[in-house]
Number of protein chains: 2
Amino acid sequence: MNVDLENLQNHRRQFNADSNKSDEIGPRLHQLRKGRGWTLQDASKASGISASAFSKIERGELSPTISTIQRIARGFEMDVLSLLSDPDEQPTLLGRRSVTRVNEGKPHLSGNCDNQLLCADLKNKRMTPIRTRVVARDVEEYDVWPKTDAEIYMTVLSGTVVVHSKIYEPLELHEGDSMYYDASAEHVWTREGPEEAIVLWVLTS
Amino acid sequence: MNVDLENLQNHRRQFNADSNKSDEIGPRLHQLRKGRGWTLQDASKASGISASAFSKIERGELSPTISTIQRIARGFEMDVLSLLSDPDEQPTLLGRRSVTRVNEGKPHLSGNCDNQLLCADLKNKRMTPIRTRVVARDVEEYDVWPKTDAEIYMTVLSGTVVVHSKIYEPLELHEGDSMYYDASAEHVWTREGPEEAIVLWVLTS
DNA sequence: ACAAAAAATTTCCTATAGTATATTTTTTGT
DNA sequence: ACAAAAAATATACTATAGGAAATTTTTTGT
């Protein structure tokens with residue numbers, strides 16, 4: 001477990017930073033209102049913002065205050081964030097897909113583990129699936145205990161894995177066992193027993 | 001593959017809708033500025049907003065316009081959305097974790113598949129891991145082809161699965177093969193051959 | 001403890017957001 | 001094609017956002 005978590009996360013963050021580039025609420029509001037088949041007066045009634053102001057905002061003749069935006073959001077029964085984030089600008093796979101055959105993942109070696117990034121050719125995924133052969137037999141073999149704000153789902157494909165955490169007792173997982181945890185608490189994996197330990201895990205940001 | 005996708009999605013959406021309830025930019029900006037050790041003049045220089053205005057905004061004496069917020073976001077080198085979304089309010093697992101032992105998932109039967117929700121006791125996860133025994137042998141057995149805006153990662157644990165899609169040719173996946181796809185294009189699974197087919201999949205919103 | 005410096009707030013002013021009403025444009029029915 | 005109705009925009013005004021400079025508060029050094 002040492003595919004460079006930091007890097008994976010930064011990559012995603014970088015991307016998010018410049019998404020929603022044309023942060024124009026005008027067209028966004030117009031699209032939303034028309035999408036519901038509302039007139040300016042409907043929108044006005046729902047939000048408490050005058051129709052004229054609404055019209056000016058939609059056409060970019062006026063930059064609404066945040067409190068106005070909040071009132072509009074309430075009118076549309078949505079939260080400010082989703083009001084501001086245009087789904088059309090959201091990075092999406094749009095029907096794309098990627099297949100990785102057995103043992104054909106993209107190698108990504110790191111200190112204590114032998115990782116294979118799965119479906120790595122698809123960019124801007126919301127999850128990162130990885131197949132890892134756990135090498136470490138002892139916690140001492142880890143110099144750093146990785147930590148991010150991601151969530152991790154892992155399942156043991158073969159062998160026995162021990163999950164060590166700074167806030168829990170060590171936990172043994174056998175073939176077929178699953179675990180879901182928050183990577184903001186440091187966790188590392190070691191293997192146990194004679195068989196080699198293979199873990200399939202997926203992480204999100 | 002027929003764990004009620006709609007329901008899973010709606011659940012998550014519902015949750016997102018009322019996140020960020022105290023949408024007060026004032027404290028948020030104060031926290032951000034102080035976090036960087038900036039004075040009001042620093043913030044003013046970076047954003048182009050006068051220190052006095054900045055002060056008033058922080059104390060809620062003034063509701064900034066969206067264009068002001070955009071300028072502030074540029075000053076802080078972040079996008080408007082992450083400026084507005086207080087990470088402290090973000091739903092997080094905060095070190096929580098959940099384990100599911102082999103064959104101990106929460107059953108979730110549906111038309112053509114035998115699903116087990118894994119780690120189902122943890123709420124507000126960003127991913128939903130599911131273990132499914134694919135029953136259908138023919139596409140005809142599906143009355144509806146599920147479709148959402150989620151992304152799906154799946155891997156075949158045993159047997160042979162054929163992935164049918166409205167926009168791709170059918171694709172055979174064998175034990176150990178992985179696939180990542182966008183569920184906005186309809187996909188259904190059937191099994192092939194004598195062995196029973198088990199799929200492990202994870203979906204995100 | 002005091003003065004000097006730096007940071008935050010207040011004041012007063014101008015620019016612009018937002019309202020009510022009038023006008024123009026578009027849609028609908030005959 | 002025309003009139004009536006409905007929707008969108010323009011106008012004139014009020015309320016408030018935002019800037020420059022003055023004032024107060026907090027911090028720092030001696």
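A polar contact is a pair of N or O atoms within 3.5 Å. The model worked on here is predicted.

**Exercise 1. Contacts to the bases of DNA strand D**

Task: Decide how the side chain of Lys56(B) meets a base oxygen of DNA strand D.

Solution.
Step 1. Take an N or O atom in the side chain of Lys56(B); a base oxygen of DNA strand D is 2.6 Å away.
Step 2. Apply the cut-off: a polar contact needs N or O atoms within 3.5 Å. The pair at 2.6 Å is therefore a polar contact.
Step 3. Turn to chain A. A polar side-chain atom of Lys56(A) lies 3.3 Å from a base oxygen of DNA strand D.
Step 4. Add a backbone case. A backbone N or O atom of Ser50(B) is 2.9 Å from a phosphate oxygen of DNA strand D.

**Exercise 2. The surface near DNA strand D**

Task: Describe the protein surface near DNA strand D by residue, element and class.

Solution.
Step 1. Count the residues: 23 surround DNA strand D. The closest are Leu40(A), Arg59(A), Lys56(B), Leu62(B) and Thr68(B).
Step 2. Look at the DNA side. Of the atoms of DNA strand D that come within 4 Å of the protein, 69% belong to sugar and phosphate.
Step 3. Assign the elements. Chain A brings helix H2 (25-35), helix H3 (40-47) and helix H4 (51-58), and chain B brings helix H4 (51-58) and helix H5 (66-75); each supplies at least two residues.
Step 4. Sort by class: five nonpolar, eleven polar and seven charged residues.

**Exercise 3. The surface near DNA strand C**

Task: Do the same for DNA strand C, then list phosphate contacts made from chain B.

Solution.
Step 1. There are 24 residues around DNA strand C. Nearest come Ser50(A), Leu62(A), Thr68(A), Leu40(B) and Arg59(B).
Step 2. Sugar and phosphate make up 71% of the atoms of DNA strand C that come within 4 Å of the protein.
Step 3. Elements supplying at least two residues each are H4 and helix H5 (66-75) of chain A, with helix H2 (25-35), helix H3 (40-47) and H4 of chain B.
Step 4. The classes are five nonpolar, eleven polar and eight charged.
Step 5. Read the phosphate distances. For Arg59(B), a side-chain N or O atom is 2.8 Å from a phosphate oxygen of DNA strand C. For Lys34(B), a polar side-chain atom lies 3.0 Å from a phosphate oxygen. For Arg33(B), the distance from a polar side-chain atom to a phosphate oxygen is 3.3 Å.

**Exercise 4. Arg33(A)**

Task: Is Arg33(A) buried or exposed?

Solution.
Step 1. Place the residue: Arg33(A) lies in helix H2 of chain A.
Step 2. Its relative accessible area is 5%. Buried means under 20%, so Arg33(A) is buried.
Step 3. List the neighbours. Beyond four places in sequence, Arg33(A) touches Trp38(A), Thr39(A), Leu40(A), Ala43(A), Phe54(A), Glu58(A) and Phe76(A).
Step 4. Set this against the chain. Buried residues make up 51% of the 205 residues in chain A.

**Exercise 5. The second largest pocket**

Task: Which strands and residues line the second largest pocket?

Solution.
Step 1. The volume of this pocket is about 520 Å³.
Step 2. It is lined by 29 residues. Closest to its centre are Leu157(A), Ser158(A), Val156(B), Leu157(B) and Glu175(B).
Step 3. Strand S5 (151-158) and strand S10 (197-204) of chain A, and strand S5 (151-158) and strand S10 (197-204) of chain B, each give at least two lining residues.
Step 4. By class, the lining has 14 nonpolar, ten polar and five charged residues.

Key
Residues are numbered from 1 along each chain as its sequence is written. Chains are lettered from A and ligands numbered from 1 in the order in which they are written. This is a predicted model: local features need pLDDT of at least 70, side-chain atom pairs count only at pLDDT 80 or more; totals for chains, interfaces and linings use all residues. Side-chain values use heavy atoms; hydrogens and water are left out. A residue is near a molecule or strand if one of its heavy atoms lies within 4 Å of it. A polar contact is a pair of N or O atoms within 3.5 Å; within protein, one must be able to donate a hydrogen and the other to accept it, and residues adjacent in sequence count only if both atoms are side-chain atoms. Helices (H or I, at least four residues) and strands (E, at least two) are DSSP runs, numbered from the N terminus. Ala, Val, Leu, Ile, Met, Phe, Trp, Tyr, Cys and Pro count as nonpolar, Asp, Glu, Lys and Arg as charged, and the others, Gly among them, as polar. On a 1 Å grid over the protein atoms alone, a cavity is a set of points where a 1.4 Å probe fits but cannot get out, and a pocket is an open set with protein on both sides within 12 Å along at least five of seven lines; lining residues have an atom within 4 Å of a point. Grid points are joined across faces, edges and corners, and a volume is the space filled by probe spheres set on the points. Buried means under 20% relative accessible area, exposed over 50%, partly exposed in between (1.4 Å probe, protein chains only). Contact means heavy atoms within 4.5 Å.
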